[in-house]
Amino acid sequence: MPTRRRGRALLPTLVILGLLLIGFSILTGFYTDLLWFRSVGYTSVFTRTLGAKALLFFVAGVLFAAAVAVNFVVAYRTRPAYQALIPGQQELDRYRMALDPYKRLVLLVLVTLLGLIAGSSASGAWRTYVQWRNGVSFGRKDEQFGRDISFFAFDLPWYRFVLGFAIATVVVCLIAAAVTHYLYGGLRLQALLGERATPAARVHLSVLVGTFVLLRAIGYWLDRYGLAVSEHRVGEADFTGLTYTDVNAVLQGKTILAIISLMCAVLFFANVVRRTWLLPGIGVGLLLLSALLIGGIYPALVQRFQVAPNEADKEAPYIRRNIEATRQAYGIDNVEINDYSAATTASQEQLRSDSDTTASIRLLDPQLLSPTYKNLQQFRPYYDFAESLDVDRYTINGDRRDVVASVREVSLEGLPTAQRNWINDHTVYTHGFGFVAALGDETTDGGRPSFVSSDIPPQGQIAVEQPRIYFGQASPTYSIVGGDVARELDFPDDSARSGVRRNSYDGTGGVPIGSLFHKLLFATKYQEANLLLSDRIGPDSKILFTREPKERVEKVAPWLTLDGDPYPAVVGDRILWIVDGYTTSNGYPYSTRSTLDDVTADSRTTQSTALVAPVERVNYIRNSVKATVDAYDGTVTLYQWGPSDPVLETWRKAFPNTVKDGSEISEELRTHLRYPEDLFKVQRTLLANYHVTNPQTFYNGSDFWRVPVDPTQDDLGLQPPYYLTLRMPGQSEQSFSLTSTYVPTGDRNNLAAFVAVNADPGPDYGTFRVLQLPRSLQINGPSQVQNQLESDDNIAEEINILKRGTRVQNGNLLTLPVGGGLLYVEPVYVQADATTSFPLLRKVLVSFGNDVAFEDTLEEALDSLFPDQGDGGGIEPPDPGGEPAQPGTGAEQNAALARALNDARQAIQAAEEALQAGDFAAYGQAQADLRDAIDRAIRAQRAGGSASLPSPTSSPSASPSPTGSVSETPQSDATG
């Protein structure tokens, strides 16, 4: 007997303990989030968001549960006193007898579960609710209904949500009532005599069905406004908004159906006092027939016999609405489109002059240079650089220059497996160190980046007083920092006793973890007992978590869509992450919708560079927020940016004092802001069609463009946009810009247009300039230019020589308007096959018209393509082997070839001697001499020399690297 009692007591005890553990886990999540928000100063965001979610959860959950419970109770209490004899009565009696003892418990559990489900679903719509409560006017009305845009963007989504919730509630209540009436005899579906429903059941179900039909009437009425954001296919383009058929058939049909539904609902309510289902049945039949005829067949007839024979003319007014709304909603309504002749020949003087003054041509490809930065600036395996570097601008020696920048972040993956443990991962290797930047348009001897900020401690022309990276894209999930004892590895230093300097974090960021309660909270959050037991955690220790810049901005501004490429900048001698935030809507009437993942994807998009979007499909977007995250203390700051945006003002009204005015942006920070890449991708996709403003032409789709595929990549992804400093035709000076190209829609690959947007903050910021090429002129597009460069015999021969023991990589193919035409520039990188090798800029490809050049440097390539001498006519194709071949006899060329090969052998010997002596300066000079000798040998052989170049196994270019390996190109002596 005692054993049974203990067994009976054990189960409830285990259940209670389980519930307590679940509750504590939930509480841990909420409370640690609250502590995080307090640490960044955005507690109001947490409380207001939680308040909106809780309000919706409880209101929706209670209403839903109460409605179901009330209908169950009404159906039960109005059950007949005596059960009529019907087939299957015995089975029903058994079910009823089994349920009766537990009916209260069953009802309680059922309505609780339904309430939780309904509340959870409703809380997910908190953004819709907040926008409805705080929506501000757009100051613009739609053409069909005369309502402000805010009605469609803020009000209509909320009305639809409430209507959907009400319909779901009524349907569940109707099912619950019908089942209860049937179970207790109020409904007799197989009755032999008498009515199939008792008067009470008939009244109850009539009210519920009437309510459902009334809600459908409201739905039909709201559907009228929903037509303004409905999607169609008109002509050759996707189309959003009302069409001719919608305005002249569907709109009236929705109105008629709403009236019929209202009449049908009245008939059901009237059935409360009548004892027949005849009139409600007639009403339902009329509604169904009307929905078929008015809602389906009639619009189809209008489309087939009125619209289809002359669709372009019929749809023209509505296409015009779509064009105007789409251009306004995506911020492309003020694009400057200019015809551009795109000459293929011009005077050499004009071309050379323009190539010098039009652009600061960036040769460093930020997508390829991460291995180079790692080999030259990593220094230790526990440091790393992002796979994609960033382009920014800095003042170097008084001039504004484009640089390719990154930060040296900590990387736990670089540690040997034997060193991976909780102490090292979370208390020692806590942060990165240093900002690294190189000039975008220059390289040093050997094709290495020309650094203007590098090394540990930081050296160079960009001053960084606080180089520590505690908050970055590769930071550990959490780190324990601070305290009296400096345990954190700061940076390697040979002068220190242990070979490293150590640091103790003293920044304002982080959550205190010294108390036992906080230790318990975070030990539960991360399922890690060391957080509770380790003596590394002192009374002044802090825990840093949620450290990735995009994640931090997303938490303090959950209503923003975030650009996929945060970039570091040195501002006020500190490193800040700059994150672009977008305000979006999918309710802008007549504006075409876009799927953000699709329109922002290109050949170099990865999961880490994908934008963060709370809404997948949008038809309105603005870059209304510039956010910064301090890399040392994690401070998040949001700034308003650009013209007044109703969506942003709505969110600022909902979350006051979270977004600062744009006037508070410091001048130094402003110089590093830029036009965001993901926004440009969205706009260029829309502009490919919506540069056409004539409805007839738009309908035909004959002048549509598309973004070309990236010819330098193998995955057939779209060509990414490129940041460049250039001067567009009509501009008086250069500006930092974001550029892209277009080709005609279809299978053609010739160039159709070139687009650039001013990316420098100032009066001209955000101005789109499009150079539209003549439709009758065949100008090579990116893929055609790439094919032209690769199929040139001389270039192919040189590339084959470069491939001996190395891997050749094509950099970004840049397009620049020069001399009335278009200049293409592509850096070519060479990387040895050795595992420790890295890409070095070795050659530069340039193309203008049908002429190409392939030289060691951009200057040489431009000189070859645009020579100073000439008669001003067409450009004579240069010898892509470096300098033009010099005249001379075969014997002279053989002698030159022999001298070059002899010089190459001497350079190899000098390199070996320098390496043995540890003289790396002499080694670098020997490598430069070796490259010069090889170039002279190649030119001499082409000019008629009969000697042959050495084979790869005995090539004079096969020189020892500082690490002891043999490679075709100079190798880094940086340790991994």
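In what sense do strand β10 and strand β11 pair, and over how many bridges? In this predicted model, β10 (residues 435–443) and β11 (residues 449–454) pair in the antiparallel sense, over 3 bridges. One point of register is set by Ala-437, whose bridge partner in β11 is Ser-453. Both strands belong to an open sheet of 5 strands. The order is β6-β7-β10-β11-β12, and the pairing is antiparallel. The edges are held by β6 (390–396) and β12 (459–460). Each has a single partner strand, so one side of each is left without a neighbour in the sheet. Helix α12 (residues 370–377) lies across β7 (399–407), β10 and β11. The helix runs at about 60° to β11.

An open sheet of 3 strands has the order β14-β18-β17, again with antiparallel pairing. Here β14 (478–481) and β17 (511–512) are the edge strands. Each of these has a single partner, so one side of each lacks a neighbour in the sheet. Between β17 and strand β18 (residues 542–545) there are 2 bridges, in the antiparallel sense. Pro-512 stands opposite Lys-542 in β18. Helix α14 (residues 516–526) packs on this sheet and touches β14, β17 and β18. The direction of α14 makes about 30° with that of β18.

Helix-to-helix packing is illustrated by α9 (residues 278–307) and α10 (residues 311–329). Their axes lie 9 Å apart, at an angle of about 115°. On the α9 side, the contact is made by Gln-303, Gln-306 and Val-307. On the α10 side, Glu-311, Lys-314 and Glu-315 take part. By class, this contact has 1 nonpolar, 2 polar and 3 charged residues.

Two strands with full burial were examined next. In strand β25 (residues 636–640), 5 of the 5 residues are buried, so the strand is largely enclosed by the rest of the structure. Val-636, Leu-638 and Gln-640 point one way from β25. Thr-637 and Tyr-639 point the other way, and all are buried. In a regular strand, side chains alternate between the two faces of the sheet. The partners of β25 run in opposite senses relative to it: β24 is antiparallel, with 5 bridges, while strand β26 (residues 659–660) is parallel, with 2 bridges. Val-625 stands opposite Gln-640 in the pairing with β24. In β26, Val-659 is the bridge partner of Leu-638. The hairpin of β24 and β25 has 5 residues between the strands. Within this hairpin, Gly-634 takes a positive phi near 75°.

Strand β30 (residues 753–758) has 6 of its 6 residues buried, so β30 too is largely enclosed by the rest of the structure. Ala-753, Val-755 and Val-757 point one way, whereas Phe-754, Ala-756 and Asn-758 point the other way. All of these residues are buried. Strand β29 (residues 735–744) joins β30 in the antiparallel sense over 6 bridges. In that pairing, Ser-740 stands opposite Val-755. Strand β31 (residues 768–772) also pairs with β30 in the antiparallel sense, over 5 bridges. There, Phe-754 stands opposite Leu-771.

Empty space was then considered. Rolling a probe the size of a water molecule over the atoms shows where such space is left. The second largest pocket holds about 760 Å³ of space. Its lining comprises 29 residues, and the closest to its centre are Gln-328, Gly-331, Asp-333, Arg-622 and Pro-643. By class, the lining divides into 15 nonpolar, 10 polar and 4 charged residues. β24 (620–630) and α20 (677–690) each supply at least two residues of the lining. The largest share, 5 residues, comes from β24.

Enclosed space was also found. The count comes to 6 cavities of 30 Å³ or more. The second largest cavity contains about 70 Å³ of space. Its lining consists of Thr-427, Ile-480, Val-481, Gly-482, Val-485, Arg-487, Glu-488, Arg-536 and Ser-541. These residues divide by class into 3 nonpolar, 3 polar and 3 charged.

Methods
Residues are numbered from 1 along each chain as its sequence is written. This is a predicted model: local features need pLDDT of at least 70, side-chain atom pairs count only at pLDDT 80 or more; totals for chains, interfaces and linings use all residues. Side-chain values use heavy atoms; hydrogens and water are left out. On a 1 Å grid over the protein atoms alone, a cavity is a set of points where a 1.4 Å probe fits but cannot get out, and a pocket is an open set with protein on both sides within 12 Å along at least five of seven lines; lining residues have an atom within 4 Å of a point. Grid points are joined across faces, edges and corners, and a volume is the space filled by probe spheres set on the points. Helices (H or I, at least four residues) and strands (E, at least two) are DSSP runs, numbered from the N terminus. Ala, Val, Leu, Ile, Met, Phe, Trp, Tyr, Cys and Pro count as nonpolar, Asp, Glu, Lys and Arg as charged, and the others, Gly among them, as polar. Two strands pair if DSSP finds at least two bridges between them. Contact means heavy atoms within 4.5 Å. Axes are lines fitted to C-alpha atoms, for helices over the stretch in contact, and angles run from 0 to 180 degrees between N-to-C directions. Buried means under 20% relative accessible area, exposed over 50%, partly exposed in between (1.4 Å probe, protein chains only).
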